[in-house]
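User: I'm new to reading protein models. Could you walk me through one, feature by feature?

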Protein chains: 2
Amino acid sequence: MQIDLILIGDELLKGKVTDLNGPYLSHCLKSMGHSIGRIVIIADDLDSLAVEIASSFHRSDLIITSGGLGPTGDDRTKLALSKALNLPLIEDSNAIEVVKANYARKNREWIPELNQYHRIPKGMIPLNNPVGHAPALKYHLKSTTILALPGVPQEFKSIIDQEIGSLAIPLQNKKTVTFCTREVPEEVLFGTLCPELWSTLEPFGAVSSLPTPGGVILSVECSTQDTNKVSNIILNSKLGPYIWQVGDQSLPEYVFSLLSELGLTVSFAESCTGGLAANLMTNISGSSAVLTGGVVSYSNPVKINSLGVSKSTIATYSEVSVEVAKEMAIGARTILGSDIGISFTGIAGPTGATDTMPVGTVCIGYSTEKTSGAVVHHFKGTRDFLKTKFTMYGYYKILDLIALT
Amino acid sequence: MQIDLILIGDELLKGKVTDLNGPYLSHCLKSMGHSIGRIVIIADDLDSLAVEIASSFHRSDLIITSGGLGPTGDDRTKLALSKALNLPLIEDSNAIEVVKANYARKNREWIPELNQYHRIPKGMIPLNNPVGHAPALKYHLKSTTILALPGVPQEFKSIIDQEIGSLAIPLQNKKTVTFCTREVPEEVLFGTLCPELWSTLEPFGAVSSLPTPGGVILSVECSTQDTNKVSNIILNSKLGPYIWQVGDQSLPEYVFSLLSELGLTVSFAESCTGGLAANLMTNISGSSAVLTGGVVSYSNPVKINSLGVSKSTIATYSEVSVEVAKEMAIGARTILGSDIGISFTGIAGPTGATDTMPVGTVCIGYSTEKTSGAVVHHFKGTRDFLKTKFTMYGYYKILDLIALT
């Protein structure tokens with residue numbers, strides 16, 4: 001089944017916004033054994049949009065468009081659909097009902113003069129928009145279905161949730177088995193460590209490898225009955241010791257679920273990561289059961305006053321040192337009241353390097369009731385990348401501490 | 001000039017990674033008055049990739065591909081280029097030199113058996129990769145240039161920086177004027193408040209409007225000599241009072257630059273935003289001059305011990321209250337030692353709502369030497385969206401406090 005996603009909007013091409021709708025759609029399709037075959041991002045230009053829709057219509061079973069249904073002059077999806085499929089734009093009585101209902105849901109009254117929400121290509125079915133005002137549209141011709149959705153992620157999601165069941169997507173007897181490894185680069189994994197692994201796995205289905213700031217994600221898309229065989233091959237290979245998860249949770253999600261199971265809490269003392277470690281954990285609903293809190297200790301007085309780091313440790317060893325990292329972690333654990341304290345002090349760059357301390361240096365401290373300490377790592381990269389990489393290594397440290405208990 | 005970007009990789013289609021290369025390329029092109037015309041995201045499939053490259057080659061002046069140059073079996077870009085452009089894959093002596101240099105730069109020796117980095121489509125020019133090992137490729141035929149780059153964002157960026165000057169992209173006499181408004185929804189801005197604005201602006205060039213979690217971004221792409229005229233129309237319209245920036249910095253970047261100019265510092269006390277406010281600020285290089293620190297007070301003991309919130313205030317008013325928010329902000333300012341303290345306590349959901357306190361409620365506290373207080377807002381949306389929206393309103397509060405000084 002060929003599924004195309006057309007994302008419409010200059011703001012996506014200009015990098016002003018990050019698309020969230022593709023990942024959400026992927027996630028929904030995955031549970032049915034499918035994936036998006038192709039994503040096109042295209043400007044709010046009527047002609048190119050119409051050409052794109054028409055050519056996609058000939059190639060695909062399901063086309064989902066995102067964006068261009070709003071009230072402003074750069075919203076041209078309905079015009080493009082009309083042109084591509086040769087359906088005149090009309091004032092549709094069903095659309096009027098749907099628009100009125102969308103407004104009523106928000107306790108507002110629809111003023112037809114303010115927008116063109118009720119004008120839709122003839123023959124298309126207007127769909128409720130549980131979150132916004134503009135109706136989505138559905139159309140079915142021959143073996144192709146087209147779903148035109150608003151681009152605002154919350155609206156897109158709510159309509160996908162509402163409609164996905166009605167699209168008659170056949171379930172597939174396929175499963176993606178995913179393994180997450182840590183610390184070893186992709187080239188070493190498949191070049192030096194397991195040079196035969198890739199070709200051993202390929203007969204089972206599509207193999208893919210994705211380097212991340214903390215390791216590599218290896219996936220095999222195989223038939224459901226082969227999943228155990230594939231898992232055993234990988235776990236018994238030399239990759240085995242580097243695998244921290246069989247599954248596709250993010251590292252923070254995985255750590256969160258482990259801590260929840262064990263009834264353990266964590267806190268973060270963050271200098272160079274600046275709140276990223278806490279932010280990733282608090283993106284998870286229910287994280288308050290696991291995270292007691294965090295301190296972003298961007299200045300030395302905060303390290304001293306809020307984390308109890310000793311002034312003399314900073315003076316003797318400098319703020320980026322294993323000694324300070326250790327005291328930060330102890331401070332986080334004892335002052336913020338958690339079972340585990342994790343700390344980060346380092347240089348995310350691009351400025352701030354010294355002769356002895358290059359950009360990319362990070363000291364990661366840890367503290368539990370039984371043990372406290374700190375390790376130092378050296379990485380290379382941009383500020384964003386380093387903040388993420390530092391944070392991932394802090395999360396790995398939590399895995400290590402859990403393994404020790 | 002038509003510029004196409006082809007992003008290659010199952011992981012992008014499956015939503016496992018967010019593309020960072022499109023936004024970076026947009027950013028570089030923008031400074032020259034250009035933008036990407038079309039982005040296609042496509043799987044690691046040889047045939048569809050070759051078709052995509054061939055069809056793009058007929059339509060575009062510049063094609064940039066991202067991904068598929070790595071060492072593993074799912075890296076098929078060179079095969080696809082070879083097929084699409086009918087150039088046999090050969091062991092190229094220049095490529096061998098470039099690969100050796102790429103390895104030497106990292107103090108490693110190249111082992112030809114581990115990868116196929118030196119095999120490239122005949123006639124293509126291998127390019128240095130300042131960050132990674134695989135050479136990028138350049139090819140010029142008739143009026144079209146193709147640049148095949150690695151997908152790893154750090155490598156992509158470094159090669160774009162290295163090559164963009166050599167691509168002979170003509171400078172355009174065009175400028176995008178951008179205005180950021182706050183708090184008022186798009187439909188109200190252009191429907192009720194300024195119904196004529198859009199049509200007044202359109203004769204000057206492409207107008208676009210982008211709703212964000214905190215407001216709307218309005219852009220007009222006009223000729224450089226019209227920028228003042230366009231600016232005056234917008235600033236003198238009824239939109240004027242809602243504009244917080246003429247420009248396209250992010251809200252945290254804008255606040256950072258204002259605080260830097262004024263020599264003011266800020267700190268955050270974050271419950272429901274969980275470190276996001278601090279994380280966004282610390283993504284900016286040099287932010288240590290402006291941010292003294294933050295506390296992620298996910299548990300009440302942290303609010304009490306690390307922010308000095310009184311136990312009885314929490315008991316009397318509950319942790320999500322303007323009273324607690326105010327004390328958190330005062331605590332942040334005084335304990336973390338900043339000029340401005342901003343706090344967030346609320347319910348990001350999806351769980352945690354009470355009868356009187358729905359998901360989406362946030363109390364934002366503020367404190368300076370002269371004034372302290374808190375306001376309450378009610379929003380709707382998913383956890384991610386609400387965390388972002390809460391954070392943006394906290395940053396708006398900093399703008400308000402600065403305006404008062």
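**Reading a sheet, then what packs around it**

Analyst: Sure! Keep in mind that this is a predicted model. Let's begin with a sheet in chain B: four strands make an open sheet, ordered β10-β11-β9-β12, with antiparallel pairing.

User: Which strands of chain B stand at the edges?

Analyst: β10 (206-211) and β12 (243-246) of chain B do; each has a single partner strand, so one side of each has no neighbour in the sheet. On average, neighbouring strands here are turned by 20 degrees against each other, direction ignored.

User: How do strands pair in the first place?

Analyst: In general, strands of a sheet pair through backbone hydrogen bonds, and the pairing is either parallel or antiparallel. Here, strand β9 (residues 174-182) of chain B pairs with β12(B) in the antiparallel sense, over three bridges. Want to find one partner yourself? Start at Thr181(B) and look for Ile243(B) in β12(B), its bridge partner.

User: Which helix lies across β9, β11 and β12 of chain B?

Analyst: That's helix α9 (residues 227-235) of chain B, which runs at about 15 degrees to β9(B). β11 in that group spans 215-223.

User: And how should I read a helix?

Analyst: An α-helix has 3.6 residues a turn, so residues three or four places apart point the same way. Try helix α6 (residues 153-163) of chain B: its buried residues include Phe156(B), Ile159(B) and Ile160(B). Lys157(B) and Glu155(B) are buried too. The buried residues of α6(B) pack against several elements of chain B, among them α2 (21-30), β3 (62-66) and β7 (136-141).

User: Is Leu127(A) buried or exposed?

Analyst: Count the neighbours: 20 or more C-beta atoms within 10 Å makes a residue buried. Leu127(A) has 21 C-beta neighbours inside 10 Å, so it counts as buried. You'll find Leu127(A) in strand β6 (residues 125-127) of chain A. Leaving aside neighbours within four places in sequence, its contacts include Val98(A), Pro135(A) and Ile159(A). Val98(A) is 29 residues away along the chain, yet the two C-alpha atoms are separated by 6.8 Å.

User: Which residues touch the most other members of the largest nonpolar core?

Analyst: Ala329 and Ala332, in both chain A and chain B, in a core of 100 residues. Apart from that one lies another core of 82 residues, including Leu5(A) and Val152(B).

User: Last one: how is chain A divided into domains?

Analyst: The domain assignment gives domain 1 (3-167), domain 2 (174-246) and domain 3 (251-404). The centres of domain 1 and domain 3 of chain A, taken over C-alpha atoms, are 43 Å apart.

Key: Residues numbered from 1 in each chain as written. Chains lettered and ligands numbered in written order. Predicted model: local features only at pLDDT ≥ 70, side-chain atom pairs only at ≥ 80, totals over all residues. Domains from an automatic or database assignment. Core = buried A, V, L, I, M, F, W, Y, C linked by C-beta atoms within 7 Å. Buried ≥ 20, exposed ≤ 12 C-beta atoms within 10 Å, placed from the backbone. Helix = DSSP H or I, 4+ residues; strand = E, 2+ residues; numbered from the N terminus. Contact = placed C-beta atoms within 7 Å. Pairing = 2+ DSSP bridges. Axes fitted to C-alpha atoms, helices over the stretch in contact; angles between N-to-C directions.
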